[in-house]
Structure formats: structure tokens, C-alpha cells
There are 2 protein chains.
Amino acid sequence: MSELLFPRVAFIGIGLIGSSLAHVMRRDKSAGWIVACARTQASLDTARELGLADEVTLDPATAAAGADLVVIAAPHSAYAELGRRVGPALKQGAILTDVGSVKGAAVRDLGPIVPPGVHFIPGHPVAGTEHSGPAAGFAELFEGRWCILTPLPGTDAEALARLTRLWESAGMKVETMSHEHHDTVLAITSHLPHLIAYTIVGTATDVEETLKSEIIKFSASGFRDFTRIAASDPVMWRDVFLSNREAVLEMLQRFTEDLTALQRAIRWGEGDKLEALFTRTRAIRRSIIEAKQA
Amino acid sequence: MSELLFPRVAFIGIGLIGSSLAHVMRRDKSAGWIVACARTQASLDTARELGLADEVTLDPATAAAGADLVVIAAPHSAYAELGRRVGPALKQGAILTDVGSVKGAAVRDLGPIVPPGVHFIPGHPVAGTEHSGPAAGFAELFEGRWCILTPLPGTDAEALARLTRLWESAGMKVETMSHEHHDTVLAITSHLPHLIAYTIVGTATDVEETLKSEIIKFSASGFRDFTRIAASDPVMWRDVFLSNREAVLEMLQRFTEDLTALQRAIRWGEGDKLEALFTRTRAIRRSIIEAKQA
């Protein structure tokens, strides 16, 4: 596919997701001119060396000025301040989107700064690796994965269609839903699993030094699978948990209740309860395989 | 490698691990004659169709009689009864081993039935998949993985060396340690991770039916990695938790404390605590990669 979707694109943040999307746009020539903005000159240098940007700047307003598409690809804690700086620079007809994992927070922090005539469409490409930074990006990151857009009521259909085409060009299946629904679903499928993985890796390695080397040695017996998830970007994930606090705490409460019940079953030797759960969870795996998400 | 290690081998249980080891022994001609024993005729039929056994029987004593190597490859809850039946049939000089995940339980349930002159060497090939049954086995399952043997003090060196050669022929790196130490290490690296994975998959899918399909749809965002672990054999894992109860409950207690601390940090917006943990867990992943266990 080679279609010029946006003459001028600004990436505010050029980490794993931002740089991967820039790779896609370079490959497909869907952007006429790419401006990258980052917090550090080092990131900008890397983005330029990789040929991901025609222009780089440390100033978000400079990046956003005149852009047809502005992609906020920074941790959630930076949104409010970035919004303040980017808002006044946005041109009429521009699309403002983001790639963050919590859509309620995007609406809260960016919504108020969007001038009339600018199309604000929060988005979440559900893709990633445990690596971060501009050098970690690659065009194929998004292929076959879901992108969730959470347009507010009354969003311009043409703008939504154009943003959808962009993510489809990256190989994604695009779905739209409300930001509230997104945050509930992702709290279960993504935020809780990450929180648990971070916890267990912390717990397992909070042991005497001699045991630690053995834990690493025998990690393939189950532990290893958690360490990959628990290697994800620390700042991004800190912000996810703080930004989706209510939904995460709600799911965490349910999880804790279930874990306590299992703990009790183990203590009292109630094997039938354990087996019943383990049989049920095995069936879930089959559903995922059937849904071709395995 | 082609070395006849054991003229007659009996597999008591021929599921994923038993059948995989039988595949190895067929490939390497390390067994002269293989007898398979299982709880169901269907498993025996499968084992025979796959060419894994020269002889099959539903009676553990018949299988063990005259064998040079007897491999208990059944769930832990069957050990005591299998021991009672196999014990009297064991011939002088035979090696009795097992492949279970809890070595204290193996010593407790099999130790007392071992006649003088029989070499009892508990073992644990740390390998597996989420599939089970005799048709799930394959010779390469063990390659590059660890096998932990937990010989009791005074174990015959020649018998230990012969059993070690068998697992090495399967491609495993063999390590020996006490059964108590094994159970502590595996509680952390394997049992706790499995318990947590089973719990989270249960929690996440205990939701309204409409949400459930979305959880499966968007499972690649983290949840999916847990479902593979939580698809492991229900009976085997029920037995693991009940057999290694003390060590599992101890680790679970630590995990719960750590999770409660994180929950509190999220509730009170203490981002620095979250970030500090997530930065530490990311470093663990690097250690695993450096140890070539990733």
C-alpha cells in the first residue's frame, strides 16, 4: 500500500510504539514529512539516525504546529503537560491521537485542550515487546494485532476513517468502543496480568543470594514466562496502574479473593476444588487457540 | 548415542513425560525391552500404537517384575498405592526412579517400600508442555533443560551414574541436590507461578459472558501468556500443590504481602514505589537472558 494519508505528522514521544509507527509510515509513504519530539536529545538523535524523522525538536508545540496528524506516544504522566503545550499549536482539521493503554486518562488529560475544529481520537494499538526506546521499534510490531480506537460521541467520520486506514496499513485489526469499556477490558487482559507478573518476579527474587542464582537457572519451569512480561517499560507501566486505578483495584480485589480461596483449599487439602479450577482454566486456553489469539 | 543402559525398563504411567522418555529410549536403543503400565487401556493402546512399548499391562507389579529400571511417571496422589504394589516386585539391583515435581513426597511415599538392594533415586526432569497423555510425548522435550536428581545419602554411585547417563542421552543437564532444597527452589520457580497463573485465568474469565469473548479477543495484551501455563494437566498440578503444601503456602504468603504493598501503592498514588519494583524486575529478565534460560 502506498497512500499519502497525512502530509505532515508529529510524533510526540518516539519510543517503541512511536518509532514502530514511524517505520510503518516510512515503508508505506503514508506521511509526507515526519517531525519527532522527545524528552531527550539522545532519543532524537537515534530517531534521526534510523531515518524515522525529517525534523526533530525538543519542543512539543513546534512539533505539533501545522501537523495533520499528532500522535502522543509518551507515558500517561506526561499527557497533561504535553496537552497544555501542544493544544494551542494544533491546526484546524488536524487529528490528535495517542497510543496509551488507558483511554479514560487520555480523555481526561487531552480532551480539555483540544481546540474546536481539531479531531481528537484516542487510540490504543494493543501491541508491544518488553523492549523500549526508539531503537526497539520495527514496522511489523503491529501485524495481526488489535488497535482499539475510542472516539467520543460526535467524532468526524472522515477523520476516524483516515486514522483507521493508518492502523490498518500497519497490519492491525481496528475496533472502536467507549473509553470506559476499553479500560475495563484492558484492566483484565493486560493491566492485572502485568501487575501480577511484576509482583511474582519481585517476590521470587527477594530471596537469599544463593537461592537467586538457582531461581534464574531453573526459571524455565514457569517463572521465566513472567519475567518477560515483568521486563516491560517501568515508567509506562507505573503510569498505567495509576491512570487506571479504579478498574485495576477492582480486578485486583477479585483476584485476591480467588487466590485466598485457593490458598485455603491447599491448606485444607481440598483437591477437588483445585482440580475443578484447573480443568476450567484449561478450557479457556482452548478458546484462545480457537480464536487464533494463541 | 546408542548404548544399552537397561535391558528391561518399566514405565508406570505413560503420559507426557513417560512417553517422551520412551521415545528417547527407542531412538537411542538404550532399553532392550519396554513395558508400559497405565490406569486405562486406552493409554496402553496409544502407547503400543506409537511403538513405545513391547508389552503393556494394567498391573504395576507385573510391569515392575524383573525390570532393571522402573520409572514412576504418574501423579503424586498415586505414588503410595503404586509403591505398595510395585515394591515387592522389584528385583535386586534394579533402579527405581520417578519424574514427579515434588521430591519430598516421592521420598515419603516411595522410600518405605524400597527393598534392600534396590537403588531408589528420585528425579525431576524439569520439562513439559501444556499438553498431556501418551500421544503428547516427543523425544526432544528434554533437550537443553535441567534434570534434578535427589539421591538420598549413601546412594550407589554406579546406579546414579547410569541414571544420569539416561537423562543426558535425552539432552538434559543433570544436577543433584537434596529433596528438601529441590522442593524449595521449585516452589518459587514453578509451583507459585503455576498457582498464580491458574488463579488469574480463573479470575479473568469469571465475568459476564459478553466480556468473556472480549477477554479472549484481546488476550494477547498479557493475559494469553498466563493461559498457556494454566492449561497444564489439572490432576498433576492438583497433586503438586497438595504434595508441596508447606513450601507453596510459604511462598504464597510472601507473594500476597508483596501484592498488598503494591495495591496500597496504587491506591495512594505512590508511583515511585511502583517504578522502583518494575525497574528491579526488568533487571532480573536480563539475568535470565545472560544465563541463556530465556
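This text walks through one helix of chain A, the contact between chains A and B, and a pair of helices in chain B. The model is predicted.

Helix 6 of chain A is the starting point. It runs over residues 157-169, 13 residues in total. From its first C-alpha to its last it reaches 18 Å, close to the 18 Å expected at 1.5 Å a residue. Four of its residues, Ala159(A), Leu163(A), Leu166(A) and Trp167(A), are buried. Around the axis they cover an arc of only 90 degrees, so they lie on the same side of helix 6 of chain A. The general background is the repeat of the α-helix: with 3.6 residues a turn, residues three or four places apart point the same way. The other side of helix 6 of chain A holds Ala157(A), Glu158(A) and Ala161(A), which are exposed.

The cover over the buried residues of helix 6 of chain A includes five strands of chain A: strand 5 (95-98), strand 6 (119-121), strand 7 (123-125), strand 8 (146-149) and strand 9 (173-176). Just after helix 6 of chain A comes Gly171(A), with a positive phi of about 95 degrees.

Next is the contact between the chains. In it, 76 residues of chain A are in contact with 76 residues of chain B. On the side of chain B that touches chain A, at least two residues each are supplied by helix 7 (179-205), helix 8, helix 9 (223-229), helix 10 (234-243), helix 11 (245-267) and helix 12 (271-290) of chain B. Helix 7 of chain B gives the largest share of that side, 18 residues.

One helix pair shows how the chains meet. Helix 7 of chain A (residues 179-205) packs with helix 8 of chain B (residues 209-217) at an angle of about 50 degrees, and the axes are 10 Å apart. Because of that angle, helix 7 of chain A is oblique to helix 8 of chain B. The crossing of helix 7 of chain A with helix 8 of chain B is right-handed. Val185(A), Ile188(A) and Thr189(A) of helix 7 of chain A make the contact with Leu211(B), Glu214(B) and Ile215(B) of helix 8 of chain B.

A further pair lies within chain B. Helix 4 (residues 79-86) and helix 5 (residues 103-110) of chain B pack at about 40 degrees, with axes 8 Å apart. Helix 4 of chain B is therefore oblique to helix 5 of chain B, and their crossing is right-handed. Here Tyr79(B), Ala80(B) and Gly83(B) of helix 4 of chain B meet Ala105(B), Ala106(B), Asp109(B) and Leu110(B) of helix 5 of chain B.

Notes. Residues numbered from 1 in each chain as written. Chains lettered and ligands numbered in written order. Predicted model: local features only at pLDDT ≥ 70, side-chain atom pairs only at ≥ 80, totals over all residues. Expected span 1.5 Å × (residues − 1). Buried ≥ 20, exposed ≤ 12 C-beta atoms within 10 Å, placed from the backbone. Arc of directions from axis to C-beta. Contact = placed C-beta atoms within 7 Å. Axes fitted to C-alpha atoms, helices over the stretch in contact; angles between N-to-C directions. Parallel < 35°, antiparallel > 145°, perpendicular 65-115°, else oblique. Left-handed = near helix turned anticlockwise from the far one by under 90°.
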